[in-house]
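Got the viewer open? Let's take a short walk, one selection at a time.

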Amino acid sequence: MFTIIQPENLAHALIIEVVGRLDSDHAERLAEQAQAALRSGRVHLVFDLSGVSFINSAGLRALVQTIKGAQMSGGSLTLVNPSESVWRALQLVGLDSVLPVVYDAQWNPLHPGLAPVARQMCVLA
């Protein structure tokens with residue numbers, strides 16, 4: 001779990017738990033939330049994608065835009081525990097080799113060691 005966010009980056013990190021459909025109706029909301037975090041200095045982003053039931057090209061584009069923005073800000077984006085449908089989509093278009101993906105059965109965004117990390121939820125209905 002602590003390899004996902006390096007200890008020296010905890011104060012500049014944000015965990016966003018994404019729930020629902022990451023599609024053309026909702027992807028922009030996630031991208032805007034990520035961009036606002038980057039502007040506020042939270043440049044190390046972690047997207048928990050275990051609750052995403054569907055992703056399409058708009059959702060994939062939002063992920064690519066976010067990692068580009070994070071890297072331009074000197075930060076990073078890590079995808080944690082993507083659902084099976086998200087993982088298949090990432091593999092299908094080759095983003096599984098571009099975007100950092102971590103599967104961690106012990107992942108717990110509420111772990112006391114992650115207390116300095118800001119958290120948000122992005123519910124995409």
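Here is a tour of a few residues in this predicted model.

**Stop one: a pair of rings.** Select Trp87 and Tyr103. The count of aromatic pairs comes to one, and here it is: Trp87 and Tyr103 meet edge-to-face, with 5.8 Å centre to centre and 85 degrees between the planes. Trp87 belongs to helix α3 (residues 84-93), while Tyr103 is in the loop between β4 (101-102) and β5 (118-124), so the pair ties together parts that are 16 residues apart in sequence. Are these two buried or exposed? Trp87 is partly exposed, at 24% relative accessible area, and Tyr103 is partly exposed too, at 48%.

**Stop two: a charge over a ring.** Now pick Arg21 and Phe54. The charged end of Arg21 sits over the ring of Phe54, 4.2 Å from the ring's centre.

**Stop three: inside strand β2.** Go to Leu49, in strand β2 (residues 44-55). Leu49 has a relative accessible area of 0%, so it counts as buried. Setting aside neighbours within four places in sequence, show what Leu49 is in contact with: Val18, Leu79, Val80, Asn81, Pro82, Ser83 and Val86. For a distance check, try Asn9: its C-alpha atom is 21 Å from that of Leu49, and the two are 40 residues apart along the chain.

**Last stop: helix α2.** Click on Thr66, in helix α2 (residues 57-72). Thr66 is buried, with 1% relative accessibility. Again leaving out neighbours within four places in sequence, its contacts are Ala31, Ala34, Gln35, Leu38, Leu45, Phe47 and Leu77.

Methods
Residues numbered from 1 in each chain as written. Predicted model: local features only at pLDDT ≥ 70, side-chain atom pairs only at ≥ 80, totals over all residues. Heavy atoms only, no water. Phe/Tyr/Trp six-rings, centres within 6.5 Å; stacked < 30°, edge-to-face > 60°. Helix = DSSP H or I, 4+ residues; strand = E, 2+ residues; numbered from the N terminus. Buried < 20%, exposed > 50% of the residue type's maximum accessible area, 1.4 Å probe, protein only. Lys NZ or Arg CZ within 6 Å of the ring centre and 35° of its normal. Contact = heavy atoms within 4.5 Å.
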